[in-house]
Every structure is written in structure tokens, then in C-alpha cells.
Amino acid sequence: MATLAESFLADLEDLSEDEPGPESEQSEEEADDGMDDIEALNFDDLSGVAKLTSEPRYSEVLQRVRTALEEAASTTGGGADRRAAGPLEDDPTYKLLVECNRLAVDIDNEIAVVHTFIRDKYRPKFPELESLVHHPLDYARVVQRIGNEMDLTLVPLDDMLPAATVMVVTVTATTTSGKPLDDEALSRVLAGCEMAVQLDEDKRTVLQFVESKMNEVAPNLSAVVGTEIAAKLMGVAGGLLALSRMPSCNIQSLGAKRKTLAGFSASTAQPHQGFISSCPILAQTPPSLRSKAARLIAAKGTLLARKDAYGEDPTGTYGAEMRAEVLRKIEKWQEPPPAKQVKPLPVPDAEVKKRRGGRRLRKMKERYGLTDMRKAANRMMFNKAEEEWVDGDDVIGLGVLGKEGSGRLRIVASQQKQKLSAKAQKKFKARMYGSSGATSGLSSSLAFTPVQGIELENPSARFGMDLDTKDGTQSYFSQFGGFRSVKK
């Protein structure tokens, strides 16, 4: 009995590899159709290559654009046009603008196709011309004027090309290996040149209409980037709503083309150079700030596109304010940095420190406060000269010291003595009389007074002892001495 794997192998062998499936038949039919189209395409016929002008959409959009331009030219007076109220998708002007933008892109592609046709057909006559004149429209106009002429000194090209390019083209034409074209080939080339010029004129008409209506559809965006740049941005993005949904970094890159450096360094090439790089505001900005200004304009353009897409400000006032703000910022960037200022140092301890009140603060004020002697030295009497003391070069006034009392430089007895704290009194007493509290050996009972000169003093009276003044001795034989009886 065969296994499951063997049965699968048998089924695979029964399948024929040469038998085409439905998908392969469809692909072969499509390939055959494509080959038939390529074989049927006649590259010698311009109408077979460029088919845009023969489409009904092309003629219809151009007719509507010309009619709108004629109506706008015939209308006189009145204020500026404003977008009709309602959704933007329902506005007929906006729909026509979207169609114009799509048609402008198609015209650019068609011009490129026609340029390739002209270049291929005119190469036998002047093969070096395509490397000297790169722009498709300039190439078509130069070919249209040269024709079959071999001596280019007889052909005026100064109104089409720069003087240096004209000189190079004239010199190259004298050494070219090309030969004149026959009448049929020349007629095809001239027909292609006429088509390219006509397509360019139609594109200019479409862009003129778009720019004239941008103040009506997107007034705020046009106020900052201009009507031409706004039309290009809206055309590449696919409409104003699509533009409003794009981030600012993508708007900055819209219209950017890959540049061929031709062997030069890429360090000086600035990336993300799209339509915004040709904005009038950037044209008057210094090169060092253009990249920063382009990011700023792209960011503001995103906000303005959203405001225009939903019709929040149809008057364009917000866009004018935004333009003034952008110009003000760019001017601010160009200002030189402020000069370094020398600031004076703050006054030390200028602010009075707040301290809490209480016994400790009062004791500290008493300890470090002014003494009575210092207060008297700082006080002056009216209409009386104060005594002075010369200390080197300084003259120190003594105030009212010595004006009252005995004339000594000390505080009179009538003034209140300064109170010392308990800690200071104990320290002073220990320093003067010793730590034991006994009388110092250096103390004397003699006192000098201004009345009697020298007089004896009772040392015990200094410490407040209440003794008998009549009896100068203190002994067991005094009238206060004797034995005491202690009751048990």
C-alpha cells in the first residue's frame, strides 16, 4: 500500500509542466498586446508620440481657463474676490485649479517627450547642440531658428541664449560633422518645435490663471510664499487639502530635484531645495541663514495651508501678520550679539537680615551694643566745642566726655552702669579676684580720692558684708563674737 508521500509524488508527476495556467495565459496576452503597441508605434510620427494635445480634457480645461481669464479682465471695480462659503471640495474655482495643476504636470511631461523627439531627429544635423543647450524650450527655439542653415554667423541667437553660449554654439557649428536634413525630416523637427512652444504657452496661460485665483483660494499662504510658489506647492501636493495634511519637512522638499554634481564636492550642495527656496523672502535673506529661514517658512506655510483649506480667514489678514513676523525674526537673527557689560559688584550686606526676637537676641544686642562711653563720645553739646584727641594723623572727637562731673575721661556716677550678663560677670569676677572667690593678694585697702588723697578702705565692704564700722576687727573677742548654743 502506497504511503501519503508517494501518492503526492504521483500526483505531481501527472501534472504537465508545458500546460499553461490561466495566469500565464493572461500574462502572455498582455505581453503580446504590449509588443503589438510597441511595434505599431511609429517614432517618425509626432502625433503618435505626443498625444496630450489631442485629448478632450486638454482642450476643455484650456477653454475654461481662457474664459475665466477673459471674465476677470472684463470685470472692473469691486473688491477682491473671496471664496464662496461652504466646503472647499464643492467650490468650482478650487476644482478648476486642481485640474489646472494636473494639466501643468502633464504638460511638463509632454514637453520632455517632445524634446526627446526633436533631439533624436535633429541629431544628424547638429549633434553637439544638445550638449550645449540643455533647456528643452531653449533647444526647441534654437532649432526652430537654425533649421538647415550651416553658417550660424548668419543666424541671430542673441535674444535666446547668453553671449557666451552663442559664441560656443557658433564656433562648434563650424567644426560639426552634421549634414543638412531632408525636407521631410526638417518638417517633422519644426513641427515638434512648434508643439513644444505651444505647450509652453498653454502652460503659462494655466499658471497665470492659477496665480490669479490663489489669492481667492489660499490668501494666507500666498501672502507668505507668493502666488506662484503657492500654486506650485498645491499642484505638486495634489490640492490644498492634501497640502494642509503634509508636515512642514515634506513641504520644504516639494519640488526638489536630484542634482548631478559632475565630480564636484557635495559639501557645498544644500539639500531640500524645493519650491520654497525660490521664495521672495529667501531671496533677500543672507546665504548663511537661508536654510534656517526655509524651515521657518515651511513651518508657517503648513499652518497657513490648514487655515486656508478650512476657510478660517478668507481675508488674508492672518497671512499678512505671519509674513511680518517671519521678516521680523529674520532681521532679529541678523542683529549682532549684545556687547559684554561690566556689572558692578553688589553692596556687601546691603540687605538687613531678618532675625527672630527673643531673649537670646536681646542678650546679643546688649553684648555688642554701644556702651555709655561710646554714646557719650558720639553725642555733641550745643554751642560748646568738644575735646579732641590726636591719634597719629587722625583727630578723634570726644563728644561730651569730661563735660560733666569731675572732668575725668570716664562716665559720671550719675549715669547708669552697663549691665553685664551673668556669664560675663562670672568671667570678670574670676579674672579679677580668682576662681576661689577670695580676696586677691594684689588688692589694697588704700584708695586715692580727690577729697582726702589717700584713705583706708574696708575690703569687706566691697563684697557687701554688713559689719560693725565701730569695731575695725573681726575676731572672737568682738561684741558680735561669742559661743552659740545649739538646741538638740
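**Exercise 1. The whole chain**

Among contacts in the chain between residues at least 6 apart in sequence, what percentage join residues at least 24 apart?

*Solution.* Start with the ground rules: this is a predicted model, in which local features need pLDDT of at least 70 and side-chain atom pairs count only at pLDDT 80 or more, while totals for chains, interfaces and linings use all residues. Residues are numbered from 1 along each chain as its sequence is written, and side-chain values use heavy atoms, with hydrogens and water left out.

Step 1: take a contact as heavy atoms within 4.5 Å. Step 2: of the contacts between residues at least 6 apart in sequence, 60% join residues at least 24 apart. Step 3: add the secondary structure, which comprises 19 helices and four strands; these are DSSP runs numbered from the N terminus (helices H or I, at least four residues; strands E, at least two).

**Exercise 2. Two residues in helices**

Find out whether Val98 and Thr170 are buried or exposed.

*Solution.* Step 1: set the scale, with buried meaning under 20% relative accessible area, exposed over 50% and partly exposed in between (1.4 Å probe, protein chains only). Step 2: Val98 lies in helix H5 and is buried, because its relative accessible area is 13%. Step 3: Thr170 sits in helix H8 (residues 163–174) and also counts as buried, at 18% relative accessibility.

Step 4: look at their surroundings. Leaving aside residues up to four places away in sequence, Thr170 touches Leu152 and Thr153. The C-alpha atoms of Val98 and Ala231 are 9.7 Å from each other, although 133 residues separate the two along the chain.

**Exercise 3. The largest pocket**

Work out which residues lie nearest the centre of the largest pocket, and how its lining divides.

*Solution.* Step 1: on a 1 Å grid over the protein atoms alone, a pocket is an open set of points where a 1.4 Å probe fits, with protein on both sides within 12 Å along at least five of seven lines; lining residues have an atom within 4 Å of a point. Step 2: the largest pocket holds about 540 Å³ of space. Step 3: its lining has 21 residues, and Asp108, Lys203, Lys232, Val236 and Phe275 lie nearest the centre. Step 4: helices H5 (92–122), H9 (183–217) and H11 (227–237) each supply at least two lining residues. Step 5: the lining divides into seven nonpolar, eight polar and six charged residues; Ala, Val, Leu, Ile, Met, Phe, Trp, Tyr, Cys and Pro count as nonpolar, Asp, Glu, Lys and Arg as charged, and the others, Gly among them, as polar.

Definitions and conventions: Grid points are joined across faces, edges and corners, and a volume is the space filled by probe spheres set on the points.
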